[in-house]
Amino acid sequence: MYHKFDAVVVGAGGSGLMAALQLVGKANVACITKLYPSRSHTGAAQGGICAALGNTEEDHWEWHMFDTVKGGDYLTDQDAAEVLARDAIERIIEMEHMGLPFNRTPEGKIDQRRFGGHTRNFGEGPVRRACFAADRTGHMILQTLYQQGIKENVTFFNEFHVLDLLINNGRCVGVTALEIKTGELHTFHAKAVIFATGGFGRAWRVTSNAHACTGDGMAVAYRAGIPLMDMEMYQFHPTGLYRIGILLSEAARGEGGILRNANGERFCERYAPTLKDLAPRDMVSRFIYQEIKEGRGAGPNKDYVYLHVDHLGKDVIDAKLPDITDFARTYLHVEPYKEGVPIQPTAHFAMGGIPTNINGEVIMDEKATVLPGCYAAGEAACVSVHGANRLGTNSLVDLVVFGKRAGLKAVEYVHQNDWESLPANYETRSKELLGFVNAGSSDTKRTEIAGDIRKDLQNSMQDNVSIVRNETTLTNQMTKLAELRERYGRIRLQDKGTKFNTERMEALELGCLLDCAEAATKGALERKESRGAQYRDDYEKRDDVNFLAHTLAYRADSGGVKELRYKPVVITRFEPKERKY
Amino acid sequence: MATQVTLKILRYDPERDKKAHFETYTVDADPLDRILDVLNTVKWYNDGSLTYRRSCAHGVCGSDAMRINGRNRLACKVLVRDVGGDTGKKIQIEPMLGFKILKDLVVDMDPFFEKYKSIKPYLINYEAAPASSERYQSQEDREIYDETTKCILCGACSGSCPPYWAGPDFVGPAAIVNAHRFIFDSRDQGGAERLNILGQGEGVFRCRTIYNCTDACPRDIPVTKAIEQIRRAMLYNR
């Protein structure tokens, strides 16, 4: 089926909804999502959203900007960090006006709490900067923005899975998508497309990410010739629930929770004397890795540490951390009022993604050449505001700040530009892709089980592209990924149906994960230094001479990475320094 | 500590089946596995055509509400050992009642979301907001509607409500919970509009106080209490 809209937003999480809200009323906009909007993974964010409101103590946006740049190990583009820190304040107020039920101070203002890596006066000590709604801040942001979407009558296409990005004469002209319920192929002809499709955390075995987080938008853009930037910069959150990876928010430590090893020692203070448990995530994850490696992990396999909140008291736990303590009870049958919760680092967030400038416009190369009509925001995008390591809460800030900016820029674009026609045979690539997957249910020579390939991908990424990497693990992973791609070409499907065929959808998602994993592994292999989330035990030092630059990965037509290029980092206020906390 | 778990699942494929039927699967699982994990094992290794919705896998996105042993639950919030699956008890899984079945455990959620939209689920305030600061709200006022902000729109409450099954026009408990979230928000001025909507023919008085909804809610929202508070607000004009 053919549709024509001025703008199409792909994804209905925080950034997609924020972008759609800028367009609605000013342009004809559609928002397509493979879930229902309220199911988006923004809703799983817990602890808070930072802005220098200064409601409970002195704070300034410059401090927030500095923390963001330092937290990102100076790979952060500083023009973007400045926008993030400045705009955060307006966006929080805007969402409060929309009805977001923030927790309140005694005088009725938005309450704020501490979070990892957020400091006063350029690193002196923790600051209360994170605005929050209990430990379901992301849920409340998602609900509030979806509710505004209902109020403003945004047109949603729910349960539509994006397949292809259409480009003609150097301009972005739309997307194709599969309607899951009917199996029908849809073409959305548009002047502007905004990708807000989230991350690819399902490439790892232990992950905080939803099953839906399979890097679809990144992969679709990548296949259409757009590079992916800094994909090796993947964050492992220190506190995932042991074995299953469900996130336990940093807010637990922001409220005073502490990590202890098997000996009961508060080990973070040995590594980060000033911020201790509230050091940035890449560091705390490495502290845990080190404790476990040196035999101080707990449990029969000595492979986890404890998160303690028991000393905070029942009232604080119930008022400020109800959901995460409930997770411990539900999934591990552990009572956080009384005992430590077993945790291990969990795959959590892609700092990298589809490269954009500070207005959300997608760029194609190291000279920041814009692809007209194409936008990206949120985790799917790389502005780059998180650099080599994102600070806690800055994901939610990123969604609303850059979702808004991308939406506003798209409004301008659709008003100033005429329609460009669709390319000839605009459905061909989508039909080939669907044809490949569908043939898996009839071709008897196809014997590979998608579940096995996915499991092998997740296990190998967990082993080789994790908290600590080196030449050997990364080279092994490149070989593994080539093998998985070959096997993926022979996947077998059992569901021959056209309606609500989720087996087919999962096969498509697996293809997206493979693309993202290849870009991430190749980027990590060629970045011969340690910076933020990229920690290599064969190159332990940061190398600003050779790698103070963003990786741009371009895809080969047959799959795999064709080439890497490097884009300089934007430095405005803060010269790179060694990172100490 | 793998154990054998048996699932008895109601299957329906609109392209093949005239009516729904049960199929039984026995697979390896850990007692700490979620029912969703077991469904995934069946789908990924036994029968790829088994169809259900899922996303976050930890009870916050609301995708995988279904009937587990006759009660509406999120498949990602029930562990094998919670329902005795590790002691040989068969676990019966069906789509929620009160919704049209699209395929296997997937039901048509569109009417549910239409009912949600009908109660105006967004802040209504006719006065201009302060130029550069938040609207103030006391901690006590914030607390009044805290519980109903937790709703994830999974449908478990509405799908367990006999008046919802019986009356297609009844908005159902989930929509009422979301009306409550705004009616009792001190910043909102749309209470009268929403009470008017809920007071019409199939509105809030269809509730028979059966408490199924409260029992079903995976977010522990006291749904029946919220409905009672709305009725009282109507009768006593807030």
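This text describes a predicted model, beginning with the interface of chains A and B and then turning to selected parts of chain A.

The interface may be approached through its extent. On the side of chain B, 69 residues are in contact with chain A, and they meet 64 residues of that chain. Together the two chains bury about 5,700 Å² between them, and carbon and sulfur atoms account for 48% of this area. Within chain B, the residues that lose the most area to chain A are Trp44(B), His58(B) and Glu134(B); together they contribute 12% of what that side buries.

The polar component of the interface can be described in similar terms. Between chain B and chain A there are 42 residue pairs in polar contact, counted where both residues have pLDDT 80 or more. The number of salt bridges between the chains is nine. A salt bridge links the side chains of Arg187(B) and Glu96(A), with an N to O distance of 2.8 Å.

Several elements of chain B each supply at least two residues of the side that touches chain A: the helices α1 (35–46), α2 (110–118), α3 (139–144) and α5 (172–183), together with the strand β6 (101–103). The largest share, six residues, comes from α1(B). Sorted by class, this side of chain B comprises 30 nonpolar, 23 charged and 16 polar residues.

Within chain A, attention may turn to an acidic residue. Asp216(A) belongs to helix α5 of chain A, which spans residues 216–223. Is Asp216(A) buried or exposed? Its relative accessible area is 6%, and Asp216(A) is therefore classed as buried, the cut-off for that class being under 20%. The side chain of Asp216(A) has polar partners: a polar contact of 2.7 Å is made with the side chain of Lys34(A), and another, of 2.6 Å, with the side chain of Thr214(A). When neighbours within four places in sequence are left aside, the residues in contact with Asp216(A) are Lys34(A), His161(A), Val162(A), Glu509(A) and Cys512(A). Lys34(A) thus appears both as a polar partner of the Asp216(A) side chain and in this list of contacts.

The strands of chain A offer a further view. Three of them form an open sheet in the order β3-β5-β4, with antiparallel pairing. The edges of this sheet are β3 (49–50) and β4 (112–120), each of which pairs on one side only. Between β4(A) and β5(A), the latter covering residues 125–131, the antiparallel pairing extends over five bridges. Across this pair, Arg120(A) stands opposite Gly125(A) of β5(A).

Another strand of chain A, β17, covers residues 370–376 and is mostly covered, with five of its seven residues buried. Which strands pair with β17(A)? Strand β9(A), residues 185–195, runs parallel to β17(A) and is joined to it by three bridges; here Ile194(A) stands opposite Tyr375(A). Strand β16(A), residues 361–363, pairs with β17(A) in the antiparallel sense over two bridges, and Ile363(A) has Val370(A) as its bridge partner in β17(A). The hairpin of β16(A) and β17(A) has six residues between the strands, and in this hairpin Ala368(A) takes a positive phi near 65 degrees. Strand β17(A) is therefore described here by a parallel pairing with β9(A) and an antiparallel pairing with β16(A), and five of its seven residues fall under the 20% relative accessible area that defines a buried residue.

Conventions:
Residues are numbered from 1 along each chain as its sequence is written. Chains are lettered from A and ligands numbered from 1 in the order in which they are written. This is a predicted model: local features need pLDDT of at least 70, side-chain atom pairs count only at pLDDT 80 or more; totals for chains, interfaces and linings use all residues. Side-chain values use heavy atoms; hydrogens and water are left out. Contact means heavy atoms within 4.5 Å. Buried area is the accessible area (1.4 Å probe) that two parts lose on being put together, summed over both. A salt bridge is a side-chain nitrogen of Lys or Arg within 4 Å of a carboxyl oxygen of Asp or Glu. A polar contact is a pair of N or O atoms within 3.5 Å; within protein, one must be able to donate a hydrogen and the other to accept it, and residues adjacent in sequence count only if both atoms are side-chain atoms. Helices (H or I, at least four residues) and strands (E, at least two) are DSSP runs, numbered from the N terminus. Ala, Val, Leu, Ile, Met, Phe, Trp, Tyr, Cys and Pro count as nonpolar, Asp, Glu, Lys and Arg as charged, and the others, Gly among them, as polar. Buried means under 20% relative accessible area, exposed over 50%, partly exposed in between (1.4 Å probe, protein chains only). Two strands pair if DSSP finds at least two bridges between them.
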